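Reader: Hi! Could you walk me through this one while I have it open?
Author: Happy to. Let's take it piece by piece.

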Amino acid sequence: MAEGDFVRETEMGKKMDRNSESLSNSESENDSISRISSLVATKDRDFLLSPNEQQVKVSRLEGKIVGLYFSGNWDPQCRNFTHLLANVYKQLRSEGSELEIVFVSCDEDIDAFNDYRAHMPWLSIPYSDMEVKKALNQRFNIEGMPCLVILQPKCGKDEVELRDGVELVYRYGVRAFPFTKERLEDLQRENREKHEKQNITNLLTKQNRDFLLGHPSSKKNVQIPVASLIGKTIGLYFSAQWCNPAVKFTPKLISTYNTIKQTLSKDEGFEIILVSSDLDQSAFDTYFSIMPWLALPFGDATIKELVKHFEIGAIPCLVIVGPNGKTLTKQGRSLINVYQENAYPFTPEKLELLRRKADEEVKMLPKFENHLGHPHELTLVSDGNRGGSFICCDCDEQGLGWAYQCIKCGYEVHPKCVRSLDHGSGLNLSPRRSLQQ
């Protein structure tokens with residue numbers, strides 16, 4: 001073959017490769033558009049609504065990571081997450097990230113939809129398109145809200161969709177982007193390493209603060225060095241005055257705290273630190289004033305970091321950190337409710353001892369009970385057979401392990417809260433309460 005023929009054939013081959021690559025990319029982009037269109041558009045509607053009521057072509061989503069956001073104005077958790085998601089979305093878009101979110105409304109009427117959408121900087125499926133919204137709820141098996149489903153523009157079988165976008169945004173914020181398998185594995189590895197390096201100093205100090213607030217009754221603005229807590233067992237108490245379960249649990253925690261402090265030897269140390277979610281300084285000051293322990297300053301940046309670090313989904317929550325600075329348990333609230341001061345020092349060995357003791361004591365209890373306050377028969381259950389962490393429907397406090405449970409409707413009570421029905425008296429029925437932390 002002549003040299004000129006070889007050069008021409010080589011150049012033709014390269015051109016064919018480029019055309020092939022261009023065709024492949026075009027097909028991939030068309031597949032992405034087709035997939036998104038099949039989800040959010042119809043043959044009669046090829047647009048979505050922008051925040052200012054403009055019609056935006058679905059083709060605008062080409063090549064972007066798309067989040068389908070299922071939410072409703074009537075749900076407080078949805079409204080709270082929407083505020084967080086809007087901040088994350090705005091920051092990512094300002095940095096040029098190829099992310100788009102599409103609101104799939106679960107609102108009850110058009111007015112609620114419009115009111116809710118006014119707080120959203122992203123696109124929406126028209127409220128009137130009930131069929132598409134219903135199809136999306138069925139397609140992704142939406143059982144609770146808020147829910148954020150992430151769709152990748154080009155992805156393998158493992159990354160077609162990611163359904164735990166809400167949890168990832170709560171946990172990582174903007175760092176979760178672009179929500180790929182590789183990115184999430186990196187974040188999980190970083191998280192593991194952070195927990196392995198965890199100690200009281202790096203948990204509680206900031207560059208410009210190495211102290212905590214002392215009990216307000218002792219001396220105004222007293223500052224307790226974080227270094228003085230090294231080697232002690234620490235309870236991080238995530239709480240707020242506006243939270244009714246927290247307000248109810250706090251007196252019990254105060255009593256248990258005082259009892260533990262009175263029984264400690266000179267070589268032992270135990271302290272609790274309020275990690276407040278109060279809405280303003282005044283509420284924080286009022287709430288903290290009744291507590292005998294320490295606190296992070298109101299509004300301190302460490303508070304949000306601790307919430308993310310320990311993945312706090314609901315309050316009140318008591319996280320126990322051991323003398324070595326490592327996490328012992330996030331079930332401090334349940335343990336205090338079940339074992340009171342006997343739970344100290346919250347080590348695996350002590351908790352196993354308490355569980356074995358409880359298992360022995362429960363052998364004396366009847367397998368079934370008729371509780372004055374519930375119409376159905378209750379069954380004694382444990383962690384191994386439908387039991388676990390729960391909210392007692394009688395005293396409204398958290399429990400762990402053994403419980404009397406209604407197999408029919410999920411009603412649960414602490415064994416100590418059961419009031420056996422005297423068949424000679426009438427039932428004093430109480431409404432069923434939802435089991436929520």
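**Cavity, helices and pocket**

Author: The largest cavity holds about 60 Å³ of space. Keep in mind that this is a predicted model.

Reader: Thanks! How many cavities of 30 Å³ or more does the structure hold?
Author: Just one.

Reader: Which residues line the largest cavity?
Author: The lining is made up of Gly67, Leu85, Val88, Tyr89, Leu92, Leu99, Ile101, Leu148, Ile150, Val169 and Phe179.

Reader: And which element gives the most to that lining?
Author: That would be α2, with four residues. At least two residues each come from α2, β4 (99-105) and β6.

Reader: What's the lining like by class?
Author: Ten residues are nonpolar and one is polar, while none is charged.

Reader: Val169 caught my eye there. Is α5 mostly covered or mostly open?
Author: Mostly covered: α5 spans residues 165-172, and six of its eight residues are buried. Val169 is one of them, along with Gly165, Val166, Leu168, Arg171 and Tyr172.

Reader: What do those buried residues pack against?
Author: Their partners are three helices and two strands by name: α2 (76-94), α6 (181-196) and α10 (301-309), plus β6 (147-151) and β7 (161-162).

Reader: Nice. What follows α5?
Author: Gly173 does, and its phi is positive, near 65 degrees.

Reader: Let's hop over to α6. How far does α6 reach?
Author: From first C-alpha to last, the 16 residues of α6 cover 23 Å, close to the 22 Å expected at 1.5 Å a residue.

Reader: Which of its residues are buried?
Author: In α6, Leu184, Leu187 and Asn191 are buried. Viewed down the helix axis, the buried residues of α6 fall within an arc of 60 degrees, so they line one face.

Reader: Remind me why spacing like that works?
Author: An α-helix has 3.6 residues a turn, so residues three or four places apart point the same way.

Reader: And what covers that face of α6?
Author: The cover includes β7 and α5.

Reader: New topic: how much space lies in the second largest pocket?
Author: About 610 Å³. It has 22 lining residues, and the closest to the pocket's centre are Val338, Tyr339, Ala358, Glu361 and Trp402.

Reader: Which elements give two or more residues to the lining of that pocket?
Author: α11 (332-339) and α12 (348-361) do. The largest share, eight residues, comes from α12.

Reader: How does the lining of the second largest pocket split by class?
Author: Nine of the residues are nonpolar, five polar and eight charged. By contrast, the lining of the largest cavity has no charged residues.

Conventions
Residues numbered from 1 in each chain as written. Predicted model: local features only at pLDDT ≥ 70, side-chain atom pairs only at ≥ 80, totals over all residues. Heavy atoms only, no water. Buried < 20%, exposed > 50% of the residue type's maximum accessible area, 1.4 Å probe, protein only. Contact = heavy atoms within 4.5 Å. Expected span 1.5 Å × (residues − 1). Arc of directions from axis to C-beta. 1 Å grid on protein atoms, 1.4 Å probe; cavity = no way out; pocket = protein on both sides within 12 Å on 5 of 7 lines; lining within 4 Å. Points joined across faces, edges and corners; volume = space filled by probe spheres on them. Nonpolar A, V, L, I, M, F, W, Y, C, P; charged D, E, K, R; others polar.
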